[in-house]
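Q: I have a model open and would like to go through its pocket, its surface and its charged pairs. Can we take them in turn?

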Amino acid sequence: MAKWTPRHEAPAPLEGPVVPTIIGGTIIWFVLFVVQLPFYGWYSDHGHTWWIWTCLAGGGLGLIGVYYVKRRDAAIKAHRATAE
């Protein structure tokens, strides 16, 4: 089997407002979790409680993501400051 090699250069990564994007997504996950809590009984009766816990897991992983991208953003800014 031959190794596949790309024929063109990969595009540069898009740099945008990463921190607000991750914060927004994390808030959405937590809102979905809170909105579904009053219906826990219905979800339990129908075997869909994993929907609620998926939202909580998404919010928790989002908090880890917020921490990560804030540190990454600070490191990029510090590197740019020392390079100048």
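A: What follows is a walk through a predicted model, beginning with the largest pocket.

Q: Fine, how much space lies in the largest pocket?

A: The space in the largest pocket comes to about 170 Å³.

Q: And which residues line the largest pocket?

A: The lining is made up of Glu15, Gly16, Pro17, Val18, Val19, Pro20, Val69, Arg72, Asp73, Ile76, Lys77 and Arg80.

Q: Which helix gives the most to that lining?

A: Helix α3 gives the most, with six residues. At least two lining residues come from each of α1, which covers 18–36, and α3, which covers 49–83.

Q: What is the lining like by class?

A: Six of the lining residues are nonpolar, five are charged and one is polar.

Q: Since there are charged residues in there, how many salt bridges does the count come to?

A: The count comes to two salt bridges. In one of them Arg72 is paired with Glu15, and the closest N and O atoms are 3.4 Å apart. Arg72 belongs to helix α3 while Glu15 sits in the segment before α1, so this pair ties together parts that are 57 residues apart in sequence.

Q: Is there a general reason for such pairs, and why do they form at all?

A: Side chains of opposite charge can pair when their charged atoms come close.

Q: Back to that pair, are Arg72 and Glu15 buried or exposed?

A: Arg72 has a relative accessible area of 32%, so Arg72 is partly exposed. For Glu15 the relative accessible area is 52%, which means that Glu15 counts as exposed, the cut-off for exposed being over 50%.

Q: And which side chains meet in the other salt bridge?

A: Lys77 and Asp73 meet there through their side chains, at 3.6 Å from N to O. Both residues are in helix α3 and four residues apart, so about one helical turn separates Lys77 from Asp73.

Q: How accessible are Lys77 and Asp73?

A: Lys77 is exposed, with a relative accessible area of 55%, whereas Asp73 is partly exposed, with a value of 30%. Lys77 and Asp73 are also among the residues that line the largest pocket, as are Arg72 and Glu15.

Q: Changing topic, which residues form the nonpolar patch on the surface?

A: That patch is formed by Ile23, Ile27, Val31 and Val35, and together these residues have about 320 Å² of accessible area. Ile27, to take one of them, is found in helix α1. Its relative accessible area is 48%, so Ile27 counts as partly exposed.

Q: Now distances: how far apart in space are Ser44 and Lys77?

A: From C-alpha to C-alpha, Ser44 and Lys77 are 47 Å apart in space, and in sequence they are 33 residues apart. Ser44 is found in helix α2, made of residues 40–46, and is partly exposed at 40% relative accessibility.

Q: What about Thr49 and His79, how far apart are their C-alpha atoms?

A: Those C-alpha atoms are separated by 45 Å, with Thr49 and His79 being 30 residues apart along the chain. Thr49 is in helix α3 and counts as partly exposed at 21% relative accessibility; the cut-off for buried is under 20%.

Q: One last pair, then: what separates Leu56 and Phe33 in space?

A: Their C-alpha atoms are 5.8 Å apart, although Leu56 and Phe33 are 23 residues apart along the chain. Leu56 is found in helix α3, and at 32% relative accessibility Leu56 counts as partly exposed.

Key
Residues numbered from 1 in each chain as written. Predicted model: local features only at pLDDT ≥ 70, side-chain atom pairs only at ≥ 80, totals over all residues. Heavy atoms only, no water. 1 Å grid on protein atoms, 1.4 Å probe; cavity = no way out; pocket = protein on both sides within 12 Å on 5 of 7 lines; lining within 4 Å. Points joined across faces, edges and corners; volume = space filled by probe spheres on them. Nonpolar A, V, L, I, M, F, W, Y, C, P; charged D, E, K, R; others polar. Patch = residues over 30% accessible without salt bridge, like charges linked within 9 Å, V, L, I, M, F, W, Y side chains within 5 Å. Areas by Shrake-Rupley, 256 points an atom, 1.4 Å probe, with all protein chains shown as cover. Salt bridge = Lys/Arg side-chain N within 4 Å of Asp/Glu carboxyl O. Buried < 20%, exposed > 50% of the residue type's maximum accessible area, 1.4 Å probe, protein only.
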